[in-house]
Amino acid sequence: MSIFVTGMGVISAIGNNVEENLKALLNSKGGINPLTSINRMRKPFIGGQVKLSNNYLLNTFSISDAKTPHRSTLLGLKAAREAWGNRTELNGIRTGIIYGTTIGSIDIDDELLEVLVNSSEKEQKVSYAKIHEPNFGTDFIAKHAGIKNNRFTISTACSTAANSIMTGARMIKAGKLDRVLVGGAECITNYTLNGFDALMLYSNEPCTPFDNQRKGLNLGEGSGFLVLENEKSVSACGSEKLMRLTGWANTCDAYHITASSPEGAGAKLAIEKSLQMASIKPEEIHYINAHGTGTPNNDSSEYAAMHAVFGDDIPDFNSTKSFTGHTLAAAGSIEAIYTILAMQHNAVFPTLNTKVQMEEAKQKPVLELKHKKINKALSNSFGFGGNCTALVFEK
Amino acid sequence: MSVYIHNCSTISVLDSFEQGILNALDSNSRKLIEPEYRQFIPPALLRRMSKVIRLGVTPGLKMPESNHVKGIIVGTGVGCFDNSIQFSKKYIHGQEGLLSPTDFIQSTDNTIAGQLGLILKNNGYNITWTHKGIAFENALIDAMLLCNEENCTVLVGGVDEHISLFELEHSTHDKWTGEGSSFFILGTQRTNARAKIEACETLAIDNNIENTVNLFLESNKLNKPEIILYGNSFLSATEIPVSVMGINVFNYSAVCGLYLTNPAFAVHLATDIISNQQEAAKHNFTANSILVVNNFNDTDCGFIYLSKP
């Protein structure tokens with residue numbers, strides 16, 4: 001059974017929709033800049049901010065719900081609406097949504113958090129109820145898309161959205177759903193800035209994935225959503241087939257709670273299993289959208305995993321986090337969309353800022369825009385907790 | 001797409017970790033009874049683990065079958081929220097110098113599933129579901145899918161800790177905040193199974209619960225169950241009825257307390273009832289088919305249907 005990608009929506013530091021993102025990717029226009037309008041930052045940080053304000057988004061969508069959604073939910077809604085388009089409920093087409101965000105799936109809002117930490121017990125209870133809504137984004141977006149049942153919320157740190165996509169595909173394959181809206185969203189918060197800074201993984205220069213002198217990651221914000229459908233739903237809805245999702249795998253590195261194993265055991269297994277599922281040989285892959293966070297640990301581990309699967313001839317790979325920053329829970333879906341765009345436009349986008357080949361590596365990521373036919377591509381996503389997910393797309 | 005339950009393990013306010021839920025049902029405690037964690041968790045790891053992580057990993061580690069599963073799936077509604085608060089306090093209160101990352105590391109919900117993978121050295125499927133009061137049902141649906149895809153066994157469970165901020169303002173005899181952790185070994189083999197899960201689904205409540213129960217039974221082609229275990233995983237304004245469609249209701253959340261993944265507790269209880277009819281009879285629980293109904297928030301409902309294997 002084929003699973004088709006029939007809709008895409010994205011918002012990130014390099015654009016507010018698919019078209020703008022594509023343009024920036026083709027023109028090597030990155031979005032990493034000093035962060036502004038985040039109150040009470042402990043120190044200056046750089047990162048990939050979305051240009052639209054919360055107020056602008058609220059007004060655009062004429063949102064007047066009793067509870068104001070957090071920024072990540074608003075970014076999610078923006079991307080979800082672009083992907084979902086004007087689809088409506090259809091008799092006989094079982095529809096669902098799978099969505100995720102990080103930080104214990106709490107849509108942490110700095111302002112609320114501050115109230116919570118500084119307030120009295122009673123006030124805290126009120127704030128708590130407002131903050132702790134892991135399912136809020138899912139239900140909010142579902143309501144706007146008219147999706148009543150089959151609502152799922154996932155949280156696997158930085159591989160969250162890749163797992164949303166994978167689970168959506170699995171549910172279609174198992175015959176539980178015909179059509180599913182899948183994705184993730186994330187906004188930049190003091191919480192995550194301070195967290196990665198405390199881990200000494202934050203770089204205050206634009207990240208340089210797979211560079212020998214890489215210093216760490218930059219956070220980014222945004223959202224990516226895809227619509228997946230089976231043949232039945234495609235014909236019933238008259239959807240356009242953009243790409244096929246043919247392979248996926250989720251594995252656990254089981255090495256360390258935050259660090260990846262030096263040999264990339266979990267990542268290697270995920271890549272191998274996803275290729276196996278798609279019944280394609282490693283040499284058939286034309287392009288890899290790597291996880292490539294720009295941290296010393298991730299990039300060497302991921303390179304080792306790719307090398308173990310593909311040998312000395314790793315297909316052209318890049319890290320689009322050099323454009324957007326690391327968008328955590330949204331990274332998997334934003335990058336799946338970039339992978340599809342690369343395939344549609346037969347272009348491997350550059351990895352910005354990277355210069356020096358890693359000592360242990362035999363090749364660099366693609367550093368300049370490269371046009372070539374891409375029929376089959378791989379997208380990698382890894383996260384805390386040893387979560388590794390790989391997705392295979394085919395024309 | 002059914003699966004079989006081969007083993008279960010629960011830490012709760014009852015002495016369930018040692019003797020299962022049914023045997024411990026008569027005790028009337030509201031305080032979590034925690035096991036000696038160091039019997040299950042390596043000491044170096046245990047020292048750094050927050051409460052919810054200890055609570056979450058231990059039931060799985062107790063079951064020997066966990067060493068051979070192909071996947072680890074966790075549902076958690078509050079997850080590691082308490083660690084998030086601890087980490088936020090550090091920077092909001094303006095702590096100078098370097099922040100300690102420990103609370104940040106432990107604040108992502110998937111820490112529990114990740115730690116299980118780490119301790120069990122399991123490279124297989126590993127996922128965490130967090131749809132608040134139906135997070136366990138999300139996890140169970142995924143686990144049933146995985147068992148059938150790979151014809152394998154899977155470790156799946158639901159865990160939530162008590163957070164003081166989450167305490168109800170007015171507790172009653174049947175509505176009070178609890179905490180707990182229940183994990184299961186699911187598989188596709190009937191041999192030695194303790195119970196069978198026929199179906200699991202979450203539905204938006206359609207007019208009323210009775211109507212929604214009917215929808216669930218019809219769409220899954222299931223007969224009326226003999227007993228309904230009915231509870232709330234969160235705040236519901238409605239009372240739990242004495243019977244639904246003429247079927248007797250047992251209020252499980254009155255026993256284990258309200259916490260977001262407490263339907264997992266009910267699934268363990270249902271398994272005990274189905275697999276230990278003699279003991280079940282003492283509690284007037286004789287049944288070969290049981291429906292677990294979780295009214296999360298008067299909007300969404302979870303349904304899990306169990307039967308004799």
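# Worked exercises on a two-chain model

In chain B, 66% of the 309 residues are buried (under 20% relative accessible area with a 1.4 Å probe and only protein chains counted; exposed is over 50%, and partly exposed is in between). Keep in mind that this is a predicted model, where local features need pLDDT of at least 70 and side-chain atom pairs count only at pLDDT 80 or more, while totals for chains, interfaces and linings use all residues. Residues are numbered from 1 along each chain as its sequence is written, chains are lettered from A and ligands numbered from 1 in the order in which they are written, and side-chain values use heavy atoms, with hydrogens and water left out.

## Exercise 1: chain B as a whole

**Task.** Work out how many helices and strands chain B has, and what its radius of gyration says about it.

**Solution.**
- Step 1: count the elements. Chain B has 11 helices and 11 strands (DSSP runs numbered from the N terminus: H or I with at least four residues for a helix, E with at least two for a strand).
- Step 2: look at the radius. Chain B comes out at 19 Å, close to the 19 Å that the globule rule gives for 309 residues, so chain B is as compact as a globular protein of that length. The radius is taken over C-alpha atoms, and the rule is 2.2 Å times the number of residues to the power 0.38.
- Step 3: check the box. Along the principal axes, the C-alpha atoms of chain B fill roughly 65 × 45 × 35 Å.
- Step 4: look at contacts (heavy atoms within 4.5 Å). Take those in chain B between residues at least 6 apart in sequence: 71% of them join residues at least 24 apart.

## Exercise 2: two helices of chain B

**Task.** Find the span of H4(B) and of H10(B), then say which of their residues are buried.

**Solution.**
- Step 1: start with H4(B), residues 81-92. Its 12 residues reach 16 Å from first C-alpha to last, close to the 16 Å expected at 1.5 Å a residue. The expected span is 1.5 Å times one less than the number of residues.
- Step 2: list what is hidden. The buried residues of H4(B) include B:Phe81, B:Ile85, B:Phe87 and B:Tyr91.
- Step 3: step off the end. Just after H4(B) comes B:Gly94, with a positive phi of about 70 degrees.
- Step 4: move to H10(B), residues 263-275. This helix has 13 residues and reaches 18 Å, close to the expected 18 Å.
- Step 5: see how covered H10(B) is. Mostly: 12 of its 13 residues are buried, among them B:Phe265, B:His268, B:Asp272 and B:Ile274.

## Exercise 3: chain A as a whole

**Task.** Does the radius of gyration of chain A agree or disagree with that of a compact globule?

**Solution.**
- Step 1: get the expected value. For 395 residues, a compact globule would have a radius near 21 Å.
- Step 2: compare. Chain A has 20 Å, which agrees.
- Step 3: add the elements and burial. Chain A contains 13 helices and 15 strands, and 66% of its 395 residues are buried.
- Step 4: do the charges. There are 39 positive and 38 negative side chains in chain A, with the centres of the two sets 4 Å apart. Lys and Arg count as positive and Asp and Glu as negative, leaving out His and the chain ends; each charge is placed at NZ of Lys, CZ of Arg, CG of Asp or CD of Glu.

## Exercise 4: positive phi values

**Task.** Are A:Ser28 and A:Met200 buried, partly exposed or exposed?

**Solution.**
- Step 1: recall the background. Most residues other than glycine have a negative phi.
- Step 2: take A:Ser28. Its phi is positive, about 55 degrees, although it is not a glycine. A:Ser28 sits in the loop between helix H1 and strand E2 of chain A, and at 37% relative accessible area it is partly exposed.
- Step 3: take A:Met200. Here phi is near 55 degrees, and the residue lies in the loop between helix H8 and strand E7 of chain A. With a relative accessible area of 61%, A:Met200 is exposed.

## Exercise 5: two buried residues

**Task.** Which residues does A:Ser322 touch, and with which is A:Pro365 in contact?

**Solution.**
- Step 1: place A:Ser322. This residue is in helix H12 of chain A and is buried at 2% relative accessibility.
- Step 2: list its partners. Not counting residues up to four places away in sequence, A:Ser322 touches A:Ile32, A:Cys207, A:Pro209, A:Pro350, A:Thr351, A:Leu352 and A:Asn353.
- Step 3: place A:Pro365. Its loop runs between strands E12 and E13 of chain A, and at 5% relative accessibility A:Pro365 counts as buried.
- Step 4: list the contacts. Beyond four places in sequence, A:Pro365 meets A:Pro209, A:Phe210, A:Phe317, A:Asn318, A:Thr351 and A:Thr354.
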